[in-house]
Structures are given as structure tokens and as C-alpha cells.
Amino acid sequence: MKKILFPTDFSEAANSVFVHALELAKIVNGEIILLHSFELPTLDNQFFPQNYEAVFESVTLSKYGMFKDEVPKLRAIATERNLENIKLSHRLIQGDVIDCIKQAVAEDAIDFVVMGTSGATGWKELFLGSKTGEVLAAINVPVLSVPFGANYDQIETIGFTTRFREKDKDALKKVISIAKKTKAKVKCLHVKTETSDVKETTVNEWKNEFVNEPVQFFSIPSEDIEETILDFIDNQNIDVLAMLTYKKSFFADLFTTGFAKKMSYSTAIPVLVLHE
């Protein structure tokens with residue numbers, strides 16, 4: 001059984017992302033570990049010598065109380081979707097959110113992390129910094145990033161961007177495995193720029209190797225990578241886009257502000273980020 005970590009602040013936005021975590025658990029026969037992290041206030045015990053520990057204890061109990069109140073709401077969401085059989089467990093950890101996620105991933109042998117991104121800035125943050133970007137850099141398991149408010153749709157088509165490198169094959173095989181469980185198709189996109197060194201023989205080798213899999217390959221000549229990916233998502237009815245964590249400069253070029261806005265507002269779909 002796969003283990004899925006779902007960090008949450010129990011907001012309505014996070015609860016909408018929880019639906020995607022549930023559905024992923026259904027697909028991969030997984031269980032969900034809810035993680036809520038919190039940081040204690042910074043106090044100078046020289047000024048609060050008598051109630052220093054009491055303040056910390058009060059904050060911790062308050063967080064525990066909120067956690068205890070909110071978890072049943074998530075269980076209710078699972079029941080509404082007829083997914084009440086999916087195992088839910090929970091962890092409340094004090095500390096920085098990145099450190100807490102790293103700790104949970106290591107201690108619980110996590111296979112996937114499901115997180116939310118917010119609006120246009122969320123897409124940029126995912127790859128260029130902030131908390132979600134730091135998570136990608138800090139852990140070595142796949143991260144499903146879901147735009148806040150994105151409705152869950154049956155996964156029928158998964159997009160996968162590739163440069164036809166040998167190391168891309170392992171990632172493609174993981175995507176195919178997920179696709180088979182939901183009876184989806186995989187559509188691989190290679191944006192062929194003038195500087196592309198991918199040979200036609202390499203493309204044909206891939207097609208032959210995956211000939212018996214539910215995969216189609218698309219090699220589209222273009223110098224505009226951003227628009228090509230967006231058009232591909234729209235024209236091929238992509239439900240989830242799977243990408244590898246290439247060098248950070250690749251994402252810096254790809255996820256410009258303009259592209260992030262288009263991605264967020266016209267094609268708000270989850271992105272599954274796989275590590276090389």
C-alpha cells in the first residue's frame with residue numbers, strides 16, 4: 001500500500017486539494033497521512049520567566065484541539081465520495097513546515113506528497129521558490145501539486161513532457177503505471193527547438209519500446225515552449241501534467257509570470273512532479 005502525505009492547514013482551499021489526495025489514494029491503493037505543522041512563538045524567557053513554558057503548552061494544546069476538530073471534517077469528505085475505506089492517519093508536528101514534511105517523508109516512508117498551489121503565483125512558486133518549491137528541493141518523492149479550487153475530474157489523459165533522455169524512461173514508466181490503474185492514456189510531448197539534439201532514431205526507439213503501452217508520442221517543432229505546452233494541454237484534453245525536475249534554470253525559463261497566469265486561469269490542472 002502506497003503512503004501519501006497530505007500537509008494541510010485545514011483551510012477550505014486545502015480541503016479542496018484533499019479530494020485529489022483521496023482520489024490518488026484510490027488509484028494507487030494508498031493510505032493518507034495528514035500532516036499539520038505549527039511553529040511556537042518566539043519569546044524571551046527573561047521577560048516571561050514564570051509563564052514561558054505555559055505559553056508554549058497553551059499553543060500546543062490549542063493546535064491539538066484544532067487538529068482533533070478538523071480531522072472528522074476530512075473523514076466526512078471521504079465518506080461523501082464513497083472513499084471512507086481509505087485509511088487516514090494523522091501527525092501533528094511542531095517546527096518549520098519544510099522540516100516537518102522532510103521528517104514525515106523519512107519516518108513514514110512516504111511515496112507521494114500532495115500539496116496545493118495558489119493562483120498564478122502558485123505556479124511560479126512551485127518551481128522558483130517559496131514553500132512548495134522548497135519541498136521539491138528537499139525531498140525525493142513525487143509531488144502532486146494541485147491549484148487551490150481545482151475540481152477533481154476523472155483522469156483520462158496524462159500529459160508527460162520529455163526530452164527523450166534515457167533517464168526520462170523511468171519517470172514515464174511510473175506515469176504509465178498510474179495511467180493503467182485509472183485506464184487513462186499517456187501523451188508524451190517533446191518541444192523540438194532549433195537547439196534540440198534529439199534524433200529521429202531516438203524517437204523511433206522510444207516508440208518501439210513502448211509500442212504495447214497506452215502511450216502516444218508528439219514531437220512539435222517550436223521555439224515557444226510555454227505556448228506549445230499550453231496548446232498541448234488544451235488540444236489533447238490533458239487532465240494531469242507530469243514533468244521531471246529538470247535543472248532549476250529550465251523552470252525559471254518556463255514558468256514566467258505570463259505563462260503562470262495562463263496556466264492557472266485557463267488550464268488549472270494538477271502537475272505531478274517526478275524526480276530524476
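## Exercises on strand β10 and helix α8

In this predicted model, a polar atom of the H275 side chain lies 3.2 Å from the backbone oxygen of V141.

**Exercise 1.** Determine where H275 lies, whether H275 is buried or exposed, and which backbone oxygen besides that of V141 its side chain reaches.

Solution.
1. H275 belongs to the segment that follows strand β10.
2. The relative accessible area of H275 is 15%. Buried means under 20%, so H275 counts as buried.
3. The H275 side chain also reaches the backbone oxygen of I139, at 3.2 Å.

**Exercise 2.** Find which strands pair with β10, in which sense, and which residues stand opposite L272.

Solution.
1. Strand β5, residues 143-147, runs antiparallel to β10, and three bridges join them.
2. In this pairing, L272 of β10 stands opposite L144.
3. Strand β9, residues 240-244, pairs with β10 in the parallel sense through four bridges.
4. Here L272 is the bridge partner of A242.

**Exercise 3.** Decide whether the faces of β10 are covered or not, using its residues 271-274.

Solution.
1. V271 and V273 point to one side, and both are buried.
2. L272 and L274 are on the other side and are buried as well.
3. Both faces of β10 are therefore covered.

**Exercise 4.** Describe helix α8, residues 225-235, from its start to the residue just after it.

Solution.
1. At the start of α8, a side-chain oxygen of D224 comes within 3.1 Å of the backbone nitrogen of E227.
2. Within the helix, the buried residues include E226, T228, I229, L230, F232 and I233.
3. Just past α8, N237 has a positive phi of about 55 degrees.

Definitions and conventions: Residues are numbered from 1 along each chain as its sequence is written. This is a predicted model: local features need pLDDT of at least 70, side-chain atom pairs count only at pLDDT 80 or more; totals for chains, interfaces and linings use all residues. Side-chain values use heavy atoms; hydrogens and water are left out. Buried means under 20% relative accessible area, exposed over 50%, partly exposed in between (1.4 Å probe, protein chains only). Helices (H or I, at least four residues) and strands (E, at least two) are DSSP runs, numbered from the N terminus. Two strands pair if DSSP finds at least two bridges between them. A polar contact is a pair of N or O atoms within 3.5 Å; within protein, one must be able to donate a hydrogen and the other to accept it, and residues adjacent in sequence count only if both atoms are side-chain atoms.
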